[in-house]
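Student: I have a structure open and would like to talk through a few places in it. Could we start with one residue and work outwards from there?
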Amino acid sequence: MTLSIFGLYNRLHDLDPCSPKEEYQVLAFIVMAETTAPAAFYTLLCLVGGIILLLKLTKAVFSRRRHAAGINLPPGPCPLPVIGNMNSLLGALPHHAMRRLARRHGAVMLLRLGHVPTVVVSSPEAAREVLKTHDAVVSDRPLYVTADILSYGGQNIAFAPSGSRQWKELRRLCATELLSPKRVLSFRPIREAAAAGLVRFVAAAAASSPAAAVNLSEGIKVLMNDILMRCAVGDTCPMRNEFMAGLDEVLRLLAGFNLVDLFPTSRLARTLGAGSLRAAREVHERVNRIVLAIIQDHENKQGSNGDDGGRRDDILDVLLRLQRDGGLDTVLTTQVVCAVLFDVFAAGSETTATTTIWVMSELVRNPAVMQRAQSEVRQVLQGKTVVAEADVHGRLPYLQMVIKETLRLHPPLPLILPRSCSESVNILGYDIPKGTTVFVNAWAIGRDDKSWPDAEEFRPERFEDGTVDFSGTDFRFLPGGGGRRMCPGLTFGFANIEMALASLLYHFNWKLPNGANPCELDMTEAYGITARRKTELLLQATPFVPINQ
Ligand code: HEM
């Protein structure tokens, strides 16, 4: 047997040398190594012994400090000097690694990510404490260096401090104007036109080469970008591709595990991470230039009296009207307008596209569910040549269950968005100091066997009794987070997802290319702030209901 240091490290990584039982396991593992790789034995023994000693010393120092301070911190793996528990996250997606660690250390777990003290909650009871009982205290966002640059210094909705007047006004604006049910309804023609565009794209691809696969990931991303773009700023946007590429880069940088974010006070980290900071500033400037050009274009079209010739209001029109007329309890500077538009694009497009792509993936892997969802859509739309939202709205209960089940297994933001404690707080008996970053592992909670029988299986019927919804009050199901910071765009997002799916399921039959077995579809997630598919979803489409050209 060849025993690589990396292999040993990975195995050790699964064990906790601070627990006596596991210490024996580590030693037994070394004995096993000795019998198979005697030459490396003594080197490995020194290495492992050294690591265990270091971990024990660190733990002893930490627990002495903790007890001396009279506080009961949550349990967690021993942090290593400098890197803390970053080693525990290596080699896996953060939400996966955090679930594995939580199974060992508990539903309220303390990690140190670089220099950042971080609590991860992984049960509905703990999530309720964070998102309801102590919502007021745990509702700020940690403004890492990268996030500070990309969020206009925390002036947008997603990063503004929850106690600020600006954040409260912007949230009120979302509820009453920008993302209100009435406004979402007014975007109906945009959704219909964009979904019809997706259907045409698939039909053209299927017609040109019936046996070839359609890149559905690509088609769905374009559709969702299109809807968001038109609803936010109207029909035209020169530099659209550049803008979308910039947003992709922003999401990558916001993943939050950059050197400068992990070691915010370290000069060395700033030096080593200067490249990523430069990239953040550069992309922020690029995206901001485009948003400013869009605003200028809108102002020119509106003219001095704000008259736009009877065009439907998009989100930017509303913001500019409020900027001009006032009436808010905060000043809507152009920078705040840019920041809000940035929120709408960044938060709205990726989440809805990711969810729709996962729904199609799960449907292809579960043909019986696909068949039931298609029968429902086809029955409701029987005889129609186009999918009109008025025909399907509220009439596709099974499809809604399919979307919920997908969000349970694949929440696009698996750790929701990080929170930060503005005061010290006690959660399920553990003291969480002020300034601690808090993650709610919605992905782990959605896959917890204690809440969801056969949790890993895709079974939309589990939502049949209609008692679990998105309101953020059922802490077993948190795709949109909860509390005062809960997603304000869920109604909008859900409407876009439903329209796209109804169109895809009505017009086409779907299967994997080359007669592949549905179970073979790769469901691996990519690394990033959102848990999107790692590979593009390539499916073979067969037209079922001809499209109306
Ligand atoms: C399937 C669709 C969506 C999902 C699953 C989703 C999920 C989430 C989650 C988990 C959060 C963090 C909530 C928390 O901290 O408790 C969030 C925040 C947010 N979402 Fe969404 N989202 C979706 C669609 C949208 C859309 C379409 C928009 C707007 C166009 C939007 C705008 C926002 C904003 C502005 C925030 C920040 C709220 C704040 O910090 O006060 N989202 N979303």
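Tutor: Let us begin with Thr436, keeping in mind that this is a predicted model. Leaving aside residues up to four places away in sequence, Thr436 touches Pro117, Thr118, Val119, Arg419, Ser420 and Cys421.

Student: Where does Thr436 sit, in terms of the elements around it?
Tutor: Thr436 belongs to the loop between β6 (430-432) and β7, and the side chain of Thr436 reaches the backbone oxygen of Pro433 at 2.6 Å.

Student: And is Thr436 buried or exposed?
Tutor: Thr436 counts as buried, because its relative accessibility is 1% and the cut-off for buried is under 20%.

Student: Arg419 was in that contact list; what does its side chain do at the ligand?
Tutor: An N or O atom in the side chain of Arg419 is 2.6 Å from an oxygen atom of the ligand. Among the elements around the ligand, α8 (165-178), α17 (334-365) and α22 (490-507) are those that give two or more residues to the shell, and α17 gives the most, with five residues.

Student: Which residues come nearest to the ligand?
Tutor: There are 29 residues around the ligand, and of these Arg141, Arg171, Arg419, Arg485 and Cys487 come nearest. A polar side-chain atom of Arg141 lies 2.8 Å from an oxygen atom of the ligand, and for Arg171 a polar side-chain atom likewise lies 2.8 Å from a ligand oxygen.

Student: Where does the ligand sit?
Tutor: The ligand sits in the largest cavity.

Student: Changing topic, what covers the buried residues of α5?
Tutor: The cover includes α4 (86-89), β1 (108-113), β2 (116-121), β7 (437-440) and α21 (442-446). The buried residues themselves are Pro94, His95, Ala97, Met98, Arg99, Leu101, Ala102 and His105.

Student: How far apart are the end C-alpha atoms of α5, and what span should we expect?
Tutor: Helix α5 (residues 94-105) has twelve residues, so at 1.5 Å a residue it should span 16 Å, and its end C-alpha atoms are 16 Å apart, which agrees. Just after α5, Gly106 takes a positive phi of about 120°.

Student: One last residue: what does Ser217 touch?
Tutor: Not counting residues up to four places away in sequence, Ser217 touches Ile357, Glu536 and Leu537. Ser217 is found in helix α11 (residues 216-233), and a polar atom of its side chain lies 2.7 Å from the backbone nitrogen of Leu537.

Student: Why does Ser217 count as buried?
Tutor: Ser217 is buried because its relative accessible area is 3%, where the cut-off is under 20%.

Terms used
Residues are numbered from 1 along each chain as its sequence is written. This is a predicted model: local features need pLDDT of at least 70, side-chain atom pairs count only at pLDDT 80 or more; totals for chains, interfaces and linings use all residues. Side-chain values use heavy atoms; hydrogens and water are left out. Helices (H or I, at least four residues) and strands (E, at least two) are DSSP runs, numbered from the N terminus. The expected span of a helix is 1.5 Å times one less than its number of residues. Buried means under 20% relative accessible area, exposed over 50%, partly exposed in between (1.4 Å probe, protein chains only). Contact means heavy atoms within 4.5 Å. A residue is near a molecule or strand if one of its heavy atoms lies within 4 Å of it. A polar contact is a pair of N or O atoms within 3.5 Å; within protein, one must be able to donate a hydrogen and the other to accept it, and residues adjacent in sequence count only if both atoms are side-chain atoms. On a 1 Å grid over the protein atoms alone, a cavity is a set of points where a 1.4 Å probe fits but cannot get out, and a pocket is an open set with protein on both sides within 12 Å along at least five of seven lines; lining residues have an atom within 4 Å of a point. A molecule sits in a cavity or pocket if more than half of its atoms lie within 2 Å of its grid points.
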